[in-house]
Amino acid sequence: EGMGFTYQMLQFQEERMWGVAGTLAPMQNIIQETIEYTRQRKIFDQPVLHNQTVHYRLAELETEIELVRSLLYRSVAQYIQGVDVTKLASMAKLKAGRLVREVADSCLQFWGGMGFTNEVLVSRLYSKEPSRGSEQQNTTRDITR
């Protein structure tokens, strides 16, 4: 009795982990779609993907996605063991929220004008994400408690 608020606050850790898990597949799909497109799109008779900057940026984004995935797996494993994962889940949510915008913005650059059509996944994510991430950041910044 009298523990309702505490239980509700603990529920937020699950919510944060589910939120992070929900961002991983769309980000990975955007990266894969962008890699395929930049292999086909040519500038100066060369695929865009062969440009070192493009190649490095896509590799960097994939690395960031894997880091978020690892943080999520670690927090889920500890949560299953009964450990308080407030800090890990908050860090994962903060990073995932920022990374979704970063992936959408960076990949959109490689699509050129085609990236603004509804046929492309990055366009749909880009139009949704700028407003969503700011509320995530505000709720997860204080992870030092």
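**Exercise 1. Which side chain meets that of arginine 57 in a salt bridge with an N to O distance of 2.6 Å?**

Before we start, a word on the input: this is a predicted model, where local features need pLDDT of at least 70 and side-chain atom pairs count only at pLDDT 80 or more, while totals for chains, interfaces and linings use all residues. Residues are numbered from 1 along each chain as its sequence is written, and side-chain values use heavy atoms, with hydrogens and water left out.

*Solution.*
- Step 1: apply the rule, in which a salt bridge is a side-chain nitrogen of Lys or Arg within 4 Å of a carboxyl oxygen of Asp or Glu. The count comes to 4 salt bridges.
- Step 2: pick out the pair, and you find glutamate 60.
- Step 3: place the two residues. Both lie in helix H2 (residues 52-80), 3 residues apart, about one turn of the helix. Helices here are DSSP runs (H or I, at least four residues), numbered from the N terminus.

**Exercise 2. Trace the salt bridges that join H2 and H3.**

*Solution.*
- Step 1: stay with arginine 57, whose side chain also meets glutamate 102 in a salt bridge (2.8 Å, N to O). Arginine 57 lies in helix H2 and glutamate 102 in helix H3 (residues 86-111), so this pair ties together parts that are 45 residues apart in sequence.
- Step 2: combine the two pairs, and Arg57, Glu60 and Glu102 form a linked network of salt bridges.
- Step 3: look at lysine 95, which bridges to glutamate 64 with the closest N and O atoms 2.8 Å apart. Lysine 95 is in helix H3 and glutamate 64 in helix H2, 31 residues apart.
- Step 4: check accessibility. Lysine 95 has a relative accessible area of 31%, so this residue is partly exposed (buried is under 20%, exposed over 50%, partly exposed in between, with a 1.4 Å probe and protein chains only).

**Exercise 3. Describe how H2 packs on H3.**

*Solution.*
- Step 1: two packed helices are described by the angle between their axes and the distance between the axes. H2 and H3 pack at about 160°, with axes 10 Å apart; the axes are lines fitted to C-alpha atoms over the stretch in contact, and angles run from 0 to 180 degrees between N-to-C directions.
- Step 2: H2 and H3 are therefore roughly antiparallel (an angle over 145 degrees).
- Step 3: list the contact residues (heavy atoms within 4.5 Å). Among them are Arg57, Leu58 and Glu64 of H2, and Lys95, Glu102 and Val103 of H3.
- Step 4: follow valine 103 further. Leaving aside neighbours within four places in sequence, valine 103 is in contact with Met27, Ile30, Ile31, Leu61 and Ile65.

Key
Helix = DSSP H or I, 4+ residues; strand = E, 2+ residues; numbered from the N terminus. Parallel < 35°, antiparallel > 145°, perpendicular 65-115°, else oblique.
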